Amino acid sequence: MENGTNAQMSDQLLEQLAANLDSDALRKGRAVVLGLDGVPYSMLRDLISCGVMPQMARLVEAGTLQRMESTLPCVSSVAWTSFRTGVNPGQHGITGFTDRRPGTYKTHFPTTKSILPSTFDEYADFTGLKVVMTGMPVNYPPVNLKNGISVGCFLSPSIEKAVCAPELLDELKQMDYRLDVNTSLAADPSLFLADIFYVTERYREAMFRFWDQQSWDLMMIHFMSTDRLHHFMWDQYEDPAGPYRQDFLNLYRRLDEIIGEVAARLGKDTLLMMLSDHGFCSVKREVNLNVWLQHEGLLRFQTSTPKSLEEIDGRSQAYSLIPGRFYINLKGREPRGSVEPGAEYEAVRNDLMVRLLALRDPDNGEPVIQRVEKRETLYGEGCSSVAPDLVALARYGYDLKDQISGRALFKPGMLKGMHTYDDAFLFVNRRVTIPEGIKIYEASHIVGEHCRCRGPRH
Ligand SMILES: [Zn+2]
């Protein structure tokens, strides 16, 4: 499976870590986790080597920076939940930014209630540790930590709904804390950049205020502004002559200063972990997989201008949700299922895999899809009922979409940057051997071991 068996892999990881950690690194101690959404390992190495991030360079010299794999699909809600639960998406129950409601063709935004196992932060709180957590997806509605502070994530509809305690709300309002960047400003790069910097400062202010105010054991702070910058302005990083390239790099100069401040505040035994949930690359084209399924004769709608998946025709064999998730229109599971469970289901899935791998970009004849996996291969047997039957991973540059309107299979990208699976990063301020190909769900084991708060699955 994507992750081997979780227990096996984590034992291996811990053995390797134990063999490499210095003598007191595994003792109980405080830990700081900085989540930098969508920051690629390769970009971090680049910004370190070209002098944009001198503080990070200093930390990397004394610690360990490794490339990390995200989840499939590589979406923030999915990957951060894997980090926090220590298990793969099929086991924690969130498999996309939206997920289907079993027994219907409807979708919804998964929330804290969709997470099946306990999260690492909840477990730490349960065992008496003081946790400060801001912005970590998926934290809406916010988990109610008995001993600590929990500020919800970007999925919260308002700041009022992102907290449990009224005193905390007052404090966040005083700081003008923001849950996310205002992406509706993206059409005006100057305003958008100003908002990105403003929101980043709000994250910083909340982190250091709680840092000073609370006697915390575990601090988990998530920065969303990096992901927002990349989606709308990734071209500025890649183009040496980009008019906003310096602004792009300035965000990293500022983050580097903040990282330096964090490092300067760390006690001797405090573990600092920094990580991202996925990497980024530029978008070449959007690929509309529901249009593709219609071209292949595998998806039909009851009307010629369908508004939602609820108008699927009963003769359909499959449908798709972003990014690259496929569901067989299965009898007994879907309301108008057409495919019999068992041999027919397998045949349809196998056929779909072959067709997906044969999908080419008409401009250059290159394959669009890098990998397609069956749910049980990725997630193991007995995974969540919302898990897709197949997950396709596109090659860099092909942004997989799921619109049901329109006829164009390939379109120019609406955004400049898209997520990548294999280029997230993991940093710890210890000299350790982190195995290459480590998966994001394994990263929390390192924090858990340090804080001595490993749950049954962490
Ligand atoms: Zn993103």
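This report covers the domains, the nonpolar cores, the zinc site and some backbone details of a predicted model.

**Domains**

The chain is assigned two domains. Domain 1 takes residues 6-280 + 420-451, and domain 2 takes residues 285-411. Their C-alpha centres lie 31 Å apart. The contact draws 25 residues from domain 1 and 26 residues from domain 2. About 2200 Å² is buried between domain 1 and domain 2. Carbon and sulfur atoms give 62% of that area. On the domain 1 side, L72, R100 and Y105 lose the most area to domain 2. Together they account for 43% of what that side buries.

**Nonpolar cores**

The largest nonpolar core holds 65 residues. Within it, L34, M207 and Y252 touch the most other members. Helix α8 (residues 189-213) supplies the largest share of this core, 10 residues. What does L34 touch, leaving aside residues up to four places away in sequence? Its partners are M207, I221, F223, I259, V262, L272, M273, M274 and L275. Another core lies apart from this one and has 36 residues. Among them are A318, Y319, L352 and I404.

**Zinc site**

Which residues coordinate the zinc ion? D227 does so through two OD entries, and H231 and H419 each through NE2. The distances run from 2.0 to 2.6 Å. The site has 4 donor atoms, with angles of 54 to 155 degrees among them. Its geometry is irregular. For reference, ideal angles are 109.5 degrees for four tetrahedral donors.

Along the chain, the donors follow the spacing D-x3-H-x187-H. D227 sits in helix α9 (residues 225-238), while H419 sits in strand β17 (residues 417-420). The pair therefore ties together parts that are 192 residues apart in sequence. Both D227 and H419 are buried.

**Backbone details**

Two cis peptide bonds and two positive phi angles are listed here.

| Site | Feature | Value |
|---|---|---|
| L72 and P73 | cis peptide bond | omega about 0 degrees |
| P137 and V138 | cis peptide bond | omega about -15 degrees |
| D176 | positive phi | about 55 degrees |
| R452 | positive phi | about 55 degrees |

Where do these sites fall? P73 is in the loop between β2 (64-68) and α4 (76-85). Its cis partner is L72, and L72 is also one of the residues that lose the most area to domain 2. V138 is in the loop between β5 (131-134) and β6 (149-151).

D176 belongs to the loop between α7 (166-174) and α8. It has its positive phi although it is not a glycine. Is D176 buried, exposed or partly exposed? D176 is partly exposed, with a relative accessible area of 37%. R452 comes just after helix α14.

**Helix α14**

How many residues of helix α14 (residues 440-451) are buried? The count is 12 of its 12 residues, and the helix is mostly covered. The buried set includes I440, Y441, I446, V447 and C451. E442, H445, E449 and H450 are also buried in α14, as are A443, S444 and G448.

Notes
Residues numbered from 1 in each chain as written. Predicted model: local features only at pLDDT ≥ 70, side-chain atom pairs only at ≥ 80, totals over all residues. Heavy atoms only, no water. Core = buried A, V, L, I, M, F, W, Y, C linked by side-chain atoms within 4.5 Å. Buried < 20%, exposed > 50% of the residue type's maximum accessible area, 1.4 Å probe, protein only. Helix = DSSP H or I, 4+ residues; strand = E, 2+ residues; numbered from the N terminus. Contact = heavy atoms within 4.5 Å. Donors = N, O, S within 2.8 Å, 3.2 Å for Na, K, Ca; no water. Tetrahedral: all angles 85-135°; square planar, octahedral: opposite > 155°, others 65-115°. Domains from an automatic or database assignment. Buried area = accessible area lost by both parts, 1.4 Å probe.
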